[in-house]
2 protein chains.
Amino acid sequence: MRDFSQDHRALAINSATVKALNLQQLCDACVRAGITTIAPWRDQIQAVGISTAGKIIKDAGLGVTSLVRAGLFTAASEAGRKAAIDDNRRAVDEAAGIGAANLLLIAGGLPPGSKDIAGARQQVHDGLATLLPYAKSANMPLALKPLHPMTAADRGCVTTLGNAKDICDELGDGLGVAIDVYHVWWDPTLPQEIARAGKRILGFHVCDWLVPTTDLLTDRGMMGDGIIDIKSIRGMVEAAGYDAPVDVEIFSANNWWKRDADEVLRICIERFRSVV
Amino acid sequence: MRDFSQDHRALAINSATVKALNLQQLCDACVRAGITTIAPWRDQIQAVGISTAGKIIKDAGLGVTSLVRAGLFTAASEAGRKAAIDDNRRAVDEAAGIGAANLLLIAGGLPPGSKDIAGARQQVHDGLATLLPYAKSANMPLALKPLHPMTAADRGCVTTLGNAKDICDELGDGLGVAIDVYHVWWDPTLPQEIARAGKRILGFHVCDWLVPTTDLLTDRGMMGDGIIDIKSIRGMVEAAGYDAPVDVEIFSANNWWKRDADEVLRICIERFRSVV
């Protein structure tokens with residue numbers, strides 16, 4: 001297991017952690033903090049265009065783990081699912097244009113009016129099958145992130161690592177998983193599923209589960225402020241072969257999003273060294 | 001699969017659905033509504049004492065699915081775990097005293113200060129192993145209810161039906177599972193896990209998952225108001241051999257708990273016949 005205690009070169013900042021910043025501001029803040037890697041969201045790329053975005057990141061000397069995020073394959077109509085594929089193809093282009101190591105995907109929830117979660121999962125499977133040749137032709141790996149079951153209805157019908165890995169196995173090369181401790185820590189099968197995921201693990205994300213949690217989306221904690229045994233999960237992920245950067249993604253409407261970005265990054269680094 | 005469309009004899013009301021009522025009021029309201037079965041919470045029994053509670057229920061002619069709830073085996077100290085066992089023994093006595101078909105258990109969350117969810121699950125296993133001989137001597141089946149992963153930290157570290165069934169298999173007779181659609185609907189392995197649970201299924205509970213859900217505990221929906229395919233899950237549970245009553249348990253601070261109990265029961269019956 002890597003020793004992060006004196007070294008945060010493996011730390012990547014997901015832009016949602018300091019979401020008030022635009023891409024240039026994010027890059028500047030990371031350079032000031034000695035952070036070498038980012039995971040920007042698509043709106044930041046789209047705001048300046050792919051080529052300018054790529055230049056901003058390159059000029060700052062930063063690496064990119066993932067472009068965040070596409071997927072969201074589920075829809076009530078064939079036209080809706082086709083529009084999702086078209087948007088995912090644009091996301092592949094954006095990811096390639098900024099030199100991202102992979103494109104992060106979330107599944108999508110139940111289509112409006114539907115109660116058919118198995119059908120939604122089939123739509124995700126079919127959407128990925130359609131997208132995959134395009135992503136492979138662009139040499140852009142797809143990283144499917146299973147989401148916490150509390151998001152199953154509205155964002156992530158792929159609710160477990162095992163579920164995501166099964167889809168990977170069905171579809172073959174070019175597709176892997178991103179493991180976020182927030183979304184998977186509760187899973188009784190986590191140790192064996194991380195081992196099974198092995199080389200399919202394309203990303204590892206951290207934040208923390210707060211007690212109490214007051215919102216299903218935007219009440220995530222800074223590493224160390226909650227109850228997730230992050231080091232233990234990182235140990236499993238690294239034992240499975242993962243050696244790429246660790247993304248910090250914290251949705252926090254009432255705390256971290258209200259703070260000064262330089263302060264947030266400073267604390268991310270401290271906690272990365274002490275509890276990740 | 002049983003036909004409930006003209007008949008709600010299989011409907012049981014969990015007292016938390018109409019939580020303003022005391023035991024006598026609950027029984028009276030159920031008799032008025034033509035409801036034959038209840039699942040009272042322990043505080044209602046303790047408020048009048050076991051023998052009076054048993055007499056109130058018997059005089060009303062009502063059956064009891066479960067006494068709700070005990071368990072909560074996890075604690076930071078040996079003394080805390082022993083106190084939990086003692087309390088569970090009292091719950092067995094209460095359940096036997098009111099003629100409940102089983103005693104409903106939830107696991108408990110992480111002990112204060114702990115990040116060891118595997119250790120918490122071991123505490124649940126050990127607590128059940130200690131309690132089981134007492135429950136068997138009282139002929140009182142124990143029904144362990146896996147809870148939604150969003151409750152793992154503070155109430156239910158046993159987060160999946162498969163997890164609960166594994167514990168049952170380790171501990172043998174006298175222990176089974178209660179399946180609540182709210183807690184398990186998101187699980188990609190649900191069909192196979194329900195089939196595997198088979199005759200271990202001691203209870204089946206319904207409410208609905210609302211979109212959006214605004215609170216992790218008290219924002220549950222009336223059957224039909226959310227996105228759970230309740231009939232489909234009931235079909236699986238009955239195919240596995242379940243033929244006992246179906247409990248309605250709705251935690252709803254901002255809606256159903258504010259309404260007149262007779263109205264709530266009337267709508268429970270309507271929805272039981274149409275969407276359960």
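Chain B superposes on chain A after a rotation of 180° with 0.0 Å of shift along the axis, at an RMSD of 0.0 Å. The two copies are therefore related as by a two-fold rotation axis. The same surface serves both copies, since 100% of the contact residues of chain B recur in chain A.

This is a predicted model. Its scores are ipTM 0.97 and pTM 0.97. Chain A has an average pLDDT of 98, and 100% of its residues score at least 70.

**Interface**

Chain B gives 24 residues to the contact, and chain A gives 24 residues. What is the make-up of the side of chain B that touches chain A? Its residues divide into 14 nonpolar, five polar and five charged.

**Sheet**

Nine strands of chain A form an open sheet. Their order is 3-2-1-9-8-7-6-5-4, and the pairing is parallel. Which strands of chain A lie at the edges? They are strand 3 (63–64) and strand 4 (66–71), and each pairs on one side only.

Strand 4 can be followed in both chains through its pairing with strand 5 (residues 102–106). The table lists the bridges and one facing residue pair per chain.

| Chain | Strands paired | Sense | Bridges | Facing residues |
|---|---|---|---|---|
| A | strand 4 of chain A, strand 5 of chain A | parallel | four | A:Gly71 and A:Ile106 |
| B | strand 4 of chain B, strand 5 of chain B | parallel | five | B:Ala70 and B:Leu105 |

In chain A, then, A:Gly71 stands opposite A:Ile106 of strand 5. In chain B, B:Ala70 stands opposite B:Leu105 of strand 5.

Is strand 4 of chain B enclosed or open? Five of the six residues of this strand (66–71) are buried, so strand 4 of chain B is largely enclosed by the rest of the structure.

**Helix over the sheet**

Helix 6 (residues 161–171) of chain A lies across two strands of chain A, strand 6 (142–144) and strand 7 (175–180). Helix 6 of chain A runs at about 170° to strand 7 of chain A.

**Start of chain A**

A:Asp3 sits in the segment before strand 1 (11–14) of chain A. Is A:Asp3 buried or exposed? A:Asp3 has 7 C-beta neighbours inside 10 Å, so this residue counts as exposed; the cut-off for exposed is 12 or fewer. A:Asp3 and A:Leu147 are 144 residues apart in sequence. In space, their C-alpha atoms are 28 Å apart.

Conventions
Residues are numbered from 1 along each chain as its sequence is written. Chains are lettered from A and ligands numbered from 1 in the order in which they are written. This is a predicted model: local features need pLDDT of at least 70, side-chain atom pairs count only at pLDDT 80 or more; totals for chains, interfaces and linings use all residues. pLDDT is the predictor's confidence in each residue, from 0 to 100. Copies are superposed by least squares on the C-alpha atoms of residues with pLDDT of at least 70 in both. Two residues are in contact if their C-beta atoms, placed from the backbone, lie within 7 Å. Ala, Val, Leu, Ile, Met, Phe, Trp, Tyr, Cys and Pro count as nonpolar, Asp, Glu, Lys and Arg as charged, and the others, Gly among them, as polar. A residue is buried if 20 or more other C-beta atoms lie within 10 Å of its own, exposed if 12 or fewer, and partly exposed in between; C-beta atoms are placed from the backbone. Two strands pair if DSSP finds at least two bridges between them. Axes are lines fitted to C-alpha atoms, for helices over the stretch in contact, and angles run from 0 to 180 degrees between N-to-C directions.
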